[in-house]
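Student: Could you take me through one strand of this model at close range, and then show me how its surroundings connect to the rest of the chain? I'd like one continuous account.

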Amino acid sequence: MWIKRLELRNFRNYDSLQLFDLSPRVNILVGQNAQGKTNVVEAMLLLSVGKSHRTNKDAEMIRFEADFATLQAVIERQERAYRLDLTLLPKGKKSAVNGVEKRKMSDFVGHLNVVLFAPEDLQLIKGGPQQRRRFLDVEIGQVSPQYLYNLTQYQKVLLQRNSLLKEIGQRKVGEEMLMIWDDQLAVYGSKVIRKRLEFVERLEGFAKEIHMRISGGKEALSFHYQNSLDCSDLTRMEEIYREELTAKRKVDILRGSTSVGPHRDDLEVRIDERKVQTFGSQGQQRTASLSMKLAEIELIKAEVGEYPVLLLDDVLSELDEERQLHLVKSMGEKVQTIVTTTTTFGLEHFLSEEANVYRVERGIIAKEG
Ligand SMILES: Nc1ncnc2c1ncn2[C@@H]1O[C@H](COP(=O)(O)OP(=O)(O)OP(=O)(O)O)[C@@H](O)[C@H]1O
């Protein structure tokens, strides 16, 4: 699939932007810092997963002094084209596919699939468990609306259970009230964990191969899902979940929060059986996170039957010239690739025939050549 055209109004520093002639292969947005390159990538991500990678607050993305922002894209897929519309309002957003309004974001998400690789993705390995859980949730959510639904239900139940735990701690209500929430938590929570386990196993298959190639056949990458439930028998997960909630009840009441479940889980990444977060070099951490992202491309292809769009935001400078060229060239052959960079140095030979180059300057984009 590929983004054929993109139109933005009052989005970040864009008053009005129209990109009508994007290439299905490589598109390079070049410009100095703070000109609006990442804003374009952010808009594409928003149209894909309904969320920004930089903020949870939609209002921040509305152009200063404007009341609302609109984003529109035409997506070419194998079977048909889709027009996606998203309106950001100070409170919340509205979405539509081919002019038909979608009341739930989960019905909007998934028409466009993207994989974003940005400098902060290094945090995927270096950062805390929350970042890796977010990676899993966003990536699985793109291909499975059912997962998003289960996750949202889980988060709602978790909030309710936690506020009840606090009330029990203050002796406002009795413990028996917990039963119903424990039950719901176990139902949705085990669905979330099961899907994550399945996803991690499939992702590992692709990432292992990619990492092996990038490291010149030297390093074996592996993923290990760290389940906060002590559950070796997956067929009994729901039951074990309930038992653990009961066993940890006293502690949970004391803390006013729930100590087991997918909101506490983690994904451990290893190279040659050693945890990369602790033992990996900067280069190994960078390569491992790149392998994870590139694996995601293959996984989406396997899942939805088409390659997603690859967004490479400001990551080329992290690679030497040869790797830059190799990455952009090899990706551009099979997936639409949107690259942002402050300099095209390193890609010069490739640019003239094979890529669309756009110059970005203070919220205005002009095509070169
Ligand atoms: N809501 C907003 N309204 C207007 N302008 C905004 C808004 N949010 C951010 N900006 C502006 O957008 C610009 C930053 O754009 P962006 O993050 O896309 O930069 P970039 O070209 O990717 O730069 P870099 O190379 O440094 O990453 C800044 O000038 C910032 O002031």
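Tutor: Let's start with the term we need: a residue is buried if 20 or more other C-beta atoms lie within 10 Å of its own, exposed if 12 or fewer, and partly exposed in between, with C-beta atoms placed from the backbone. Please keep in mind that this is a predicted model.

The strand I would pick is S12, residues 309-313, where five of the five residues are buried. Looking at its two faces, Val309, Leu311 and Asp313 point one way, while Leu310 and Leu312 point the other way. Both sets are buried, so by the cut-off each of these residues has 20 or more other C-beta atoms within 10 Å.

Now for the neighbours of this strand. Strand S8, residues 114-117, pairs with S12 in the parallel sense through four bridges. If you want a residue to click on there, Val115 has Leu310 of S12 as its bridge partner. S12 also pairs with strand S13, residues 337-341, again in the parallel sense and over four bridges. In that pairing, Leu311 stands opposite Ile338 of S13.

From Asp313 we can step across to a helix. Leaving aside residues up to four places away in sequence, Thr38 touches Asp313, Asp314 and Thr340. Thr38 sits in helix H1, and it counts as buried because 22 C-beta neighbours fall inside 10 Å.

Thr38 also brings us to the ligand. The shell around the ligand holds 18 residues, and the closest are Asn13, Asn33, Lys37, Thr38 and Asn39. Helix H1, residues 37-49, gives the largest share of that shell, with three residues. Sorted by class, the shell is made of nine polar, five charged and four nonpolar residues. There is a matching pointer in the record: an unreviewed UniProt entry carries the annotation "binding site" for Gly31, Gln32, Asn33, Ala34, Gln35, Gly36, Lys37 and Thr38. Two of those annotated residues make a nice contrast. Ala34 belongs to the loop between strand S3 (26-30) and H1; with 10 other C-beta atoms within 10 Å, Ala34 is exposed, whereas Thr38 in the helix is buried.

Following the chain past H1, you reach Glu65, in the loop between H1 and strand S4 (69-76). Glu65 has only 6 other C-beta atoms within 10 Å, so this residue is exposed. Its backbone deserves a look too: phi is positive, about 75 degrees, although Glu65 is not a glycine. Most residues other than glycine have a negative phi. Arg171 is another such case, with a positive phi near 60 degrees. Its place is the loop between helix H5 (145-169) and helix H6 (178-214), and with 7 C-beta neighbours inside 10 Å Arg171 counts as exposed.

Helix H6 leads on to a contact between parts that are separated in sequence. Glu238, in helix H7 (residues 237-247), touches Ala186, Val187 and Ser190, not counting residues up to four places away in sequence. Glu238 and Ala186 are 52 residues apart in sequence, yet their C-alpha atoms are 5.3 Å apart. Glu238 counts as partly exposed, since 18 C-beta neighbours lie inside 10 Å.

For a sheet with another pairing sense than the parallel pairs of S12, try S9, S10 and S11. These three strands form an open sheet in the order S9-S10-S11, and the pairing is antiparallel. Its edge strands, S9 (221-226) and S11 (274-275), each pair on one side only. Strand S10, residues 266-271, is joined to S11 by two bridges, and Arg270 has Lys275 as its bridge partner in S11.

Finally, let's zoom out. The protein chain has twelve helices and 15 strands. Its radius of gyration is 22 Å, close to the 21 Å that the globule rule gives for 369 residues, so the chain is as compact as a globular protein of that length. Along the principal axes, the C-alpha trace spans about 70 × 55 × 40 Å. Buried residues make up 40% of the 369 residues. Among contacts with a separation of 6 or more, 70% join residues 24 or more positions apart. The Thr38 and Asp313 contact that took us from the strand to the helix is one to revisit on screen.

Definitions and conventions. Residues are numbered from 1 along each chain as its sequence is written. This is a predicted model: local features need pLDDT of at least 70, side-chain atom pairs count only at pLDDT 80 or more; totals for chains, interfaces and linings use all residues. A residue is near a molecule or strand if its C-beta atom, placed from the backbone, lies within 6 Å of it. Ala, Val, Leu, Ile, Met, Phe, Trp, Tyr, Cys and Pro count as nonpolar, Asp, Glu, Lys and Arg as charged, and the others, Gly among them, as polar. UniProt positions are given in the numbering used here, feature names are shortened, and annotations may be inferred rather than shown by experiment. Two residues are in contact if their C-beta atoms, placed from the backbone, lie within 7 Å. The radius of gyration is taken over C-alpha atoms; the globule rule is 2.2 Å times the number of residues to the power 0.38. Two strands pair if DSSP finds at least two bridges between them.
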